[in-house]
Amino acid sequence: MGNRVSCAFTASPGISRKIWDGMEVEVIRSSRKTISLEIIPGGGLRVRAPYRMTQRQIVAFVEEKRDWIEKHRKIAAERQARKEQAERLTPEELRALADQALKVLPSRAAFFALMVGVDYGRITIRNQRTRWGSCSSKGNLNFNCLLMLAPPEIQDYVVVHELCHRKEMNHSARFWAEVGKVLPDYREREKWLKNNGPILMARMGM
Ligand SMILES: [Zn+2]
């Protein structure tokens, strides 16, 4: 961002969009109590603010967070570039990954199921662009073949995550407590997946 500019955020409820210093800024008003910033895909800024906060207060907050915004817009841009440059896997390579996943993941699931203390049904391997794994209400597990491109501790995390859904079919605190019992450092692994997962997914192509 360059110099301070006057900014015409609307004070009305709901969402308003502005271009501010060449950056798209989206302001979402709600009954929340605090203000938060988030970089959205494309490098824009999303501001979530309470109704009672004045336009001037929001602008002041954003100004104050200028360094944070710059830093995170840069990270987002780099991530986007890596995604665009990600080498697309050929159908043969995808099949090889799926074969590998079928060799690796069922034994991991069997091992961790004992630790979690649950049973499960069938295991299927899929090529998906949106999810790493899933668990059906019948207990069938589904894993993404791209997991084979991730480190083993990340593969284990996804396996444990899905198995814990056998106890809790949600992402409640109780669910995460179950994950934490088996993998106390699951937050680190989840973070890795959040940061690196989209780049791996991009290798699937469109
Ligand atoms: Zn889940």
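**Group meeting: a four-stranded sheet, two cores and a helix pair**

Okay, let's start with one pair: Ile-39 sits opposite Leu-45 in strand 4. Before I go on, this is a predicted model, where local features need pLDDT of at least 70, side-chain atom pairs count only at pLDDT 80 or more, and totals for chains, interfaces and linings use all residues. Numbering runs from 1 along each chain as its sequence is written.

Quick word on terms. Helices (H or I, at least four residues) and strands (E, at least two) are DSSP runs, numbered from the N terminus. Two strands pair if DSSP finds at least two bridges between them.

So, back to that pair. Strand 3 (residues 36-40) and strand 4 (residues 44-50) run antiparallel, joined by five bridges. They make a hairpin with three residues between them, and Gly-42 in the turn has a positive phi of about 100°. On to strand 2 (residues 23-30): this one runs parallel to strand 4, with six bridges, and Val-27 stands opposite Val-47 in strand 4.

Put together, that's an open sheet of four strands, order 1-2-4-3, with mixed pairing. Strand 1 (15-20) and strand 3 are the edges, each pairing on one side only. The twist averages 25° from one strand to the next; axes here are lines fitted to C-alpha atoms, for helices over the stretch in contact, with angles from 0 to 180 degrees between N-to-C directions.

Now the cores. A nonpolar core is a set of buried Ala, Val, Leu, Ile, Met, Phe, Trp, Tyr and Cys residues joined through C-beta atoms within 7 Å. Buried means 20 or more other C-beta atoms within 10 Å of a residue's own, with C-beta atoms placed from the backbone. The largest has 25 residues, and Ala-101, Phe-143 and Leu-163 are among those with the most contacts inside it. Helix 3 (91-116), strand 7 (141-144) and helix 4 (152-164) each give two or more residues, and helix 4 brings the largest share, seven. Apart from that core lies another, of nine residues, including Val-25, Ile-39, Met-53 and Val-62. So our opening Ile-39 turns up again there.

Last bit: which helix does helix 4 pass in a right-handed crossing? That's helix 5, and right-handed means the near helix is turned clockwise from the far one by less than a right angle. Their axes come within 9 Å and cross at roughly 135°, so the two are oblique to each other (neither under 35, over 145, nor 65 to 115 degrees). Val-160, His-161 and Cys-164 of helix 4 make the contact with Phe-175, Glu-178, Val-179 and Val-182 of helix 5, contact being C-beta atoms, placed from the backbone, within 7 Å.

Key:
Buried ≥ 20, exposed ≤ 12 C-beta atoms within 10 Å, placed from the backbone. Contact = placed C-beta atoms within 7 Å.
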